[in-house]
Amino acid sequence: MSPQASPNNFTEFWQDFLRQSSSFWSQAATAPQPPDPSHAWQQFVTMWTACWTKAFTLSPDTIQTSQKLWMDQLETISQGFAKVMGTDTFAAMQGQFFEQQLSWQDHLTKTIQPQTDAALRALNLPSRNQMDRLFERIVNIEERLDDVETDTRLIRRALRHGNDAAPVADPPPARARNRNAPEGEGAES
Amino acid sequence: MANPMMQAAEFTQAMQNELHKNLTRWSNWMSDFVVSPAEPPMAQTPRDLVWKRGKIQLYRYPSQAAQRQPLPYVMVPWLGISRPYILDMLPGHSMIEYLVQQGHEVYLIDWGVIAEEDKNLGLEDIVFKILPRAIDTILDLSQVPALNLNGFCLGGVITNSYLRLHPDAPVRNYIAIVTPVDFEQGGLLKTWLGHAAFPTDVLVRQYGGIPTSLMGMGFKMLRPTGDAASLSGLWFNMNKKDYIPIYKAMDRWANDFVGMPGRFFSQIQHELYAQNKMLKGELMLQGRRVNLRNIQQPMFVAAASKDHIVPPLAAKGLMGAVGSQDKQFMELPGGHISVFAGRQAHTMLWPALHAWVVERSAV
């Protein structure tokens, strides 16, 4: 790959091309018309070809360079966003917007809550609050079972280590379980 | 001066090559995205479910090497945000698979799909109840006196707190990967979550935590051009057949968000992002101070140079905060996830981690 095939040179190539084009067209506009109009076009095509030839010389790996340019552009845009969104002003604005949305949502929920509850009662379905309370009770039951399991393990360990005359059998090793086993199966410890 | 005619010939050749690549791209797109759009099966490393508490599941991945490492390797991933199967992404691209092939018996805590019923789950429950019980189970199963503990991202916040509050914890070596400690260096997340205007309490009251949709939106906002860059990379590399399953797997995971428990999020936002209490030694859990200086285990800290979620300085803060004498910091190229689950992890993080752990795991 040519060492000149870099984004900077590509940019310079475009700057050079635009400069030459502008210069050519301004001269063409002000100069007296030649007897042969095609002569002007030939000059333009020659200049255009020379520019693109220079591009080939500058960047034989044009495609890779273009890809890199595109990714660099995305990165630059991302950094630009980060600069804007990384300000205190943006954070404050975002927080306030959020709070407003949540407040509006809360107000709406409270307004329609009685009607929603009545509809659910009529359909004999549990409301969200009832489900929440049920979940809390389930979590509490799980915690209590966890405590029982821990105490059992401690007692078993104490018996295993403390009683040499009558050792307690070690708990059976955990069975190999299919990872696709349905929810609700607990593992033996 | 170069011959323009020769340069034109090279350019023509380059265009022909690109045309051939485009044909291959279209062919691969048709076969892998239109005819067979199914995602590759993920999390294929054999494992057992050895303990369960509600939604939280502890998996054991048995060692696959003839010579087994003496101590189990326990992974504690981030709570909420996304699922941990990125740690076992695809065969041949899996950190867990690599470790078990090197002889480690790996344990992974899967927090499950967080939803509103988990709103009361906080750091205290995890640090004082759940993690100790999981570790107890591991020690019983493995019949060893100690283990190696690895925290990822917010999982590292959990393990930092656990280690400090359990001075007699049976942890031989400690690994923290992209774990935020100095939240002042937290980048955009620090700016947003550390601001007083962020309505954490209202959010938690209304949703019980961070709902899935909001989590996804927040992380997309961190890198607005992320999806465009990902799709561009896909197009540029779609002529390589082996690129596509990895893209599909990573894309599926990157859009598979879960929520975060309200209490946990509230603690993270108020105590850490807003006040940086952990680094200052002011974080209190059940009346006990979390002072990182009391962590004495050998420690390995890894950070990613292009991490916009946990910038390198945020992770490096752990090095100066702990009392460990034997500690190592590695800043590796890559982003928050690619550092431990990307292509370069094969040759960078995983071997370094394995060597470091093996050297310090003699029983």
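Start your tour by selecting helix 5 of chain A: of its 35 residues, the number buried is 0, so this helix lies largely in the open. Keep in mind as you look around that this is a predicted model.

Stay on that helix for a moment and pick out residues 128-162 of chain A. At 1.5 Å a residue, a helix of 35 residues should span 51 Å, and the C-alpha atoms at the two ends are 50 Å apart, which agrees.

Next, switch to chain B and colour it by secondary structure; you will find 14 helices and 14 strands. The radius of gyration of chain B is 22 Å, close to the 21 Å from the globule rule for 363 residues, so chain B is as compact as a globular protein of that length. Along the principal axes, its C-alpha atoms fill a box of roughly 80 × 55 × 45 Å. Buried residues account for 45% of the 363 in chain B. If you look at contacts between residues at least 6 apart in the sequence of chain B, 81% join residues at least 24 apart.

Now go inside. Which residues touch the most other members of the largest nonpolar core? Select B:M75, B:V106, B:I158, B:V178 and B:A302, which do so within a core of 107 residues. Then add helix 3 of chain B (residues 123-142), which supplies the largest share of this core, 9 residues. In soluble globular proteins, nonpolar side chains tend to be buried together.

For a last stop, centre on B:V178. Beyond its neighbours within four places in sequence, B:V178 is in contact with residues including B:F152, B:C153, B:A302, B:D307, B:H336 and B:V339.

Conventions
Residues numbered from 1 in each chain as written. Chains lettered and ligands numbered in written order. Predicted model: local features only at pLDDT ≥ 70, side-chain atom pairs only at ≥ 80, totals over all residues. Core = buried A, V, L, I, M, F, W, Y, C linked by C-beta atoms within 7 Å. Buried ≥ 20, exposed ≤ 12 C-beta atoms within 10 Å, placed from the backbone. Helix = DSSP H or I, 4+ residues; strand = E, 2+ residues; numbered from the N terminus. Contact = placed C-beta atoms within 7 Å. Expected span 1.5 Å × (residues − 1). Rg over C-alpha atoms; globule rule 2.2 N^0.38 Å.
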